[in-house]
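Work through the following exercises with the structure in view, and try each task before you read its solution.

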Amino acid sequence: MKLIVCKDYEEMSLEGAKIAIEQLKAKPDSVLGLCTGSTPIGMYADLVKANKAGEISFKKVKTYNLDEYYPIEPTNINSYRYFMNDNLFLHVDIDLNNTNVPQGNVKDPYEEAKRYEEAVRADRQMDIQYLGLGNNGHIAFNEPAENLELKTHVTGLTESTIQANLRFFPDGDIPTKALTMGIGTIMSAKRIVILINGKKKHEALMKLLDKEYVSTAWPCTMLKFHPDVTVICDKEAYEG
Ligand code: GLP
């Protein structure tokens with residue numbers, strides 16, 4: 001596991017973007033696994049800049065997002081589909097048909113989870129899977145539990161995650177379920193890059209960096225079983 005400690009959020013975002021920029025320069029038809037949340041917003045802005053400056057192109061890029069609330073319409077501003085369009089896809093030269101987010105407005109979420117897992121697996125291997133980190137150590141929506149699921153699945157959100165994400169839903173109407181890649185889906189990527197900022201993430205970051213500790217109570221600790229993980233954090237998250 002490689003650790004990069006940055007002085008602040010801006011530097012963390014740039015470091016995260018640098019990896020994607022190098023990746024797309026070396027392999028323009030890369031498959032990227034993407035994450036949402038407030039953490040990657042700066043990195044996506046940096047990627048938009050690089051695209052507008054002609055440094056990289058997304059024309060041949062395919063993307064798979066980690067997760068989506070359920071139920072939610074893609075037009076809802078709090079949906080992860082809306083977030084991705086708004087922060088990245090609509091500002092770069094990507095073909096929207098090459099972007100994938102689990103569909104939060106289907107009748108049967110279990111069928112959708114199965115379809116999404118098959119789509120990820122049938123495609124070329126993801127070159128990079130980007131991740132954020134929940135305060136409680138969740139990755140995507142793989143919440144602390146006795147058992148973690150390997151494949152894309154439907155999950156309930158923990159009270160702590162609902163409280164943490166409520167800030168995006170001012171009317172309080174936050175879905176309590178989600179569709180999420182499983183730990184195995186995430187680990188199937190060639191490389192994993194996890195971005196972590198702010199004091200609130202300190203405890204989870206320490207669990208992730210502790211070489212002696214693995215527990216489903218802190219889902220991020222499963223990343224220790226992946227051979228190519230880069231942790232990019234800011235000083236606040238690192239020092240607590
Ligand atoms: C959500 C997402 C995660 C994300 C986490 C952290 O729960 N499902 O993928 O990593 O929030 O969000 P933030 O970056 O806003 O702290």
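**Exercise 1: Two unusual backbone sites**

Pro71 is found in the loop that runs between β4 (67–70) and α3 (80–87), where helices (H or I, at least four residues) and strands (E, at least two) are DSSP runs, numbered from the N terminus. The model is a predicted one, in which local features need pLDDT of at least 70 and side-chain atom pairs count only at pLDDT 80 or more, while totals for chains, interfaces and linings use all residues. Residues are numbered from 1 along each chain as its sequence is written, and side-chain values use heavy atoms, with hydrogens and water left out.

Task: Determine which kind of peptide bond joins Tyr70 and Pro71, and find where Ala140 is placed.

Solution: Begin with the general expectation that most residues other than glycine have a negative phi, and that most peptide bonds are trans. The bond between Tyr70 and Pro71 is cis, with an omega of about -10°. Ala140, in turn, sits in the loop between β6 (128–131) and β7 (153–156), and although Ala140 is not a glycine, its phi is positive, at about 55°.

**Exercise 2: Helix α1 against helix α2**

Task: Describe how the axes of α1 and α2 cross, and sort the residues of their contact by character.

Solution: First, the axes of α1 (residues 9–26) and α2 (residues 41–52) come within 8 Å and cross at roughly 50°; axes are lines fitted to C-alpha atoms, for helices over the stretch in contact, and angles run from 0 to 180 degrees between N-to-C directions. The two helices are therefore oblique to each other, since angles under 35 degrees count as roughly parallel, over 145 as roughly antiparallel, 65 to 115 as roughly perpendicular and the rest as oblique. Next, look at the residues that meet, including Tyr9 and Leu14 in α1 and Met43 and Leu47 in α2, where contact means heavy atoms within 4.5 Å. The residues of this contact divide into nine nonpolar, three polar and one charged; Ala, Val, Leu, Ile, Met, Phe, Trp, Tyr, Cys and Pro count as nonpolar, Asp, Glu, Lys and Arg as charged, and the others, Gly among them, as polar.

**Exercise 3: Helix α2 against helix α3**

Task: Which residues of α2 and α3 meet, and at what angle do the two helices pack?

Solution: The helices α2 and α3 pack at an angle of about 40°, with their axes 10 Å apart. That makes α2 oblique to α3. Ile41, Tyr44 and Val48 in α2 meet Phe83, Met84 and Asn87 in α3.
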